[in-house]
Amino acid sequence: MILKKGIMRIVKIIMSVLLAMPMVVSCSRCSATMSSLSPKAEHQDVVSGQDVVLKAKPITGYFLKNTYSLARDTAFIVFQNRSSFDNAMGMARTMGLKPAEPDFTNDFVVAIALRPTVVQTDIILGKIEKVGDHDIFIHFELRKGNPLSYSMQPVMLFGFQKSENINGISFVSGGNIIQTIVVNRRSEATPKSTSDLLDNYTGHFLGTFPCADCSGIDVSLTLNRDYTYVLQRIYRGQGDGTPLVEKGKWTPSEDLTFVELGYDGKTDKSYYAFVDHNTLVKLDNEGKSIDSRLDYRLRRE
């Protein structure tokens, strides 16, 4: 009887070990998946075939200004310069310490930002991949938790090394591309040098922009060779038809693909990109393409 009980106890132990083995394998796989998405994971610059995994550089000590309007529930921002960064981000000083400056010369500086929410939401950064010579893919996940008694605004800010000839940065979640941001507008039709810009891309441009509360905005823009400009706007059906006139200074972007009006701070800044030497297209307040099918082009008179 004692021998029989001993045998039964050994059989139970063996069965327990066998049943536990699949659970150990399953948990091991789960842990690997979680660590690959963890923001604490070190993303090294590693070559995989022809693709390169880039290292993410967290940027801390900044917050998204409440005056900055997000166009989507989940917004993606690529900051090309300090001006666009300062327009969106504020500096949080802790114990009088100043946060480190983002490196706009050597890095792409990127923010993933959500609208305020009352549900605990974490932005989990995955791989940053350079695929081929011209495209970068940023993988991320939104992980939601419990309801909160207050409102929070999740923002993740980071940088990674710039590469030459990158045309677009795509944001990927769940295997799907959510949005692609064009970062290089250079083409055969854009200015080849500053002298080329001044000689062939300045002048007088006209167009009519869409308007939410009028039948259209007649726009006249003159870019002068001395880096001054005159911008006139007439809102159809409003007032007596007298144009709103704005005068100031313009400056070209570093890659000569667009101009910034009002860079001297005396007027509100606005941006226009060169489609070719006869055509300009209005950009948004961050110097990025306007996501619209409406016509925002100005054509040489």
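**Exercise 1. Getting an overview**

What does the accessible surface of the protein chain come to, and what percentage of it belongs to carbon and sulfur atoms?

*Solution.* Keep in mind that this is a predicted model. The accessible surface comes to about 18200 Å². Carbon and sulfur atoms hold 54% of that area. Next, look inside: the chain has 301 residues, and 36% of them count as buried. For the secondary structure, you'll find three helices and 20 strands. Finally, take contacts between residues at least 6 apart in sequence: 56% of these join residues at least 24 apart.

**Exercise 2. Sorting out a sheet**

Work out which strands stand at the edges of the open sheet that has the order E3-E10-E7-E5.

*Solution.* Start with the order itself: four strands, with antiparallel pairing. Now look for strands with a single partner strand: these are E3 (57-58) and E5 (74-79), so each has one side left without a neighbour in the sheet. To see one of the pairings up close, follow E5 to strand E7 (residues 107-114), where six bridges join the two in the antiparallel sense. On this seam, Ile77 stands opposite Ala111 of E7.

**Exercise 3. Following strand E8**

Find the strands that E8 (residues 117-131) pairs with here, starting from E2.

*Solution.* First, strand E2 (residues 51-54) runs antiparallel to E8, and three bridges join them. Leu54 has Ile128 in E8 as its bridge partner. Second, E8 pairs with strand E9 (residues 135-152), again antiparallel, over eleven bridges. There, Ile124 is matched with Glu141 in E9. Third, check the turn of this hairpin: three residues lie between the strands, and Gly132 takes a positive phi near 70 degrees.

**Exercise 4. Two unusual phi values**

Compare Tyr227 and Leu256: are they buried or partly exposed?

*Solution.* Some background helps: most residues other than glycine have a negative phi. Tyr227, though, has a positive phi near 70 degrees, and it lies in the loop between E14 and strand E15 (228-235). Its relative accessible area is 29%, so Tyr227 is partly exposed. Leu256 also has a positive phi, of about 65 degrees. You'll spot Leu256 in the loop between strand E16 (244-252) and strand E17 (258-261). With a relative accessible area of 11%, Leu256 falls under the 20% cut-off and is therefore buried.

**Exercise 5. Rings that meet**

Describe how the rings of Phe85 and Phe104 sit relative to each other, then do the like for Phe258 and Tyr271.

*Solution.* There are ten aromatic pairs in total. In one of them, the ring centres of Phe85 and Phe104 are 5.5 Å apart and the planes meet at 65 degrees; an angle over 60 degrees counts as edge-to-face, so that's the label here. Phe85 belongs to helix H2 (residues 82-88), while Phe104 is in the loop between strand E6 (89-91) and E7, 19 residues apart. Both residues are buried. They also share one aromatic cluster with Tyr62 and Phe79.

On to the other pair: Phe258 and Tyr271 are 6.0 Å apart centre to centre, with 70 degrees between the planes, which is edge-to-face again. Phe258 sits in strand E17 and Tyr271 in strand E18 (residues 270-276), 13 residues apart. Phe258 counts as buried at 13% relative accessibility, and so does Tyr271 at 5%.

**Exercise 6. A charge over a ring**

Which residue lies over the face of Phe108?

*Solution.* Look above the ring and you'll find Lys162, at 5.9 Å from the ring centre.

Definitions and conventions. Residues numbered from 1 in each chain as written. Predicted model: local features only at pLDDT ≥ 70, side-chain atom pairs only at ≥ 80, totals over all residues. Heavy atoms only, no water. Pairing = 2+ DSSP bridges. Buried < 20%, exposed > 50% of the residue type's maximum accessible area, 1.4 Å probe, protein only. Contact = heavy atoms within 4.5 Å. Areas by Shrake-Rupley, 256 points an atom, 1.4 Å probe, with all protein chains shown as cover. Phe/Tyr/Trp six-rings, centres within 6.5 Å; stacked < 30°, edge-to-face > 60°. Lys NZ or Arg CZ within 6 Å of the ring centre and 35° of its normal.
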